[in-house]
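Let's take a look at one helix and the core it packs into. Here is the model to keep open while reading.

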Amino acid sequence: MDRGAVVVEDEAAQRQMLVDYLGKQNFRVSGVEGGATLRRLVERELPALVLLDVGLPGEDGFALARGLRERSGRIGIIMVTAAADTVDRVVGLETGADDYIAKPFEPRELLARVKSVLRRATGATPAAGPRVRMGRRSISRSGCWSTPAAAPKRRWRRASSTC
Ligand code: CA
């Protein structure tokens, strides 16, 4: 990986732990404490990956994710959420993040997610593709057709799939 990774985390110990861990895994990684420093860093060099803590003083992780995504579609963004809160996850992904991980997490799980997001961001392997929609039906990459269930009034028509 030529471009580096950035850890955005306001808690110094947590930030240092992530920087050390990713550094040991041969990532070129820097840690910043918030949005202002992140912006300065991104001005200089677009990182390959940003690990974004959601709970930051000032601009939170969601706002920063949105800003990064507007800037480039090629940055891999992983949100680090404080709780396994569904709302956080959904909002995180809607702001343009590629993935999220909830604290506390296993370093190995984080590493797996980092690698998978980088693979997608650098386009080395295609992600499991979105289904192609054709009218009401959709077809997956494996070629299975599926038809959604009809509206509640026509209850007899159930969702069907060729697989
Ligand atoms: Ca925090």
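## Helix α1 and its core

Leaving out residues up to four places away in sequence, Leu 18 touches Val 7, Glu 9, Gly 31 and Leu 51, where a contact is two C-beta atoms, placed from the backbone, within 7 Å. This is a predicted model: local features need pLDDT of at least 70, side-chain atom pairs count only at pLDDT 80 or more, and totals for chains, interfaces and linings use all residues. Numbering starts from 1 along each chain as its sequence is written.

Leu 18 sits in helix α1 (helices are DSSP runs of H or I with at least four residues, strands are E runs of at least two, numbered from the N terminus). Leu 18 counts as buried because it has 21 C-beta neighbours inside 10 Å; the cut-offs are 20 or more other C-beta atoms within 10 Å for buried, 12 or fewer for exposed, and partly exposed in between.

Leu 18 has company: Val 19 and Leu 22 are buried in α1 too. Looking down the axis of α1, the buried residues fall within an arc of 100 degrees, so they line one face (the arc is taken over directions from the helix axis to the C-beta atoms). Here's how the two sides compare:

| Side of α1 | Residues |
|---|---|
| Buried | Leu 18, Val 19, Leu 22 |
| Turned away, exposed | Ala 12, Ala 13, Lys 24 |

The cover over the buried residues includes β1 (5-8), β2 (29-32) and β3 (49-53). After α1 comes Asn 26, with a positive phi near 70 degrees.
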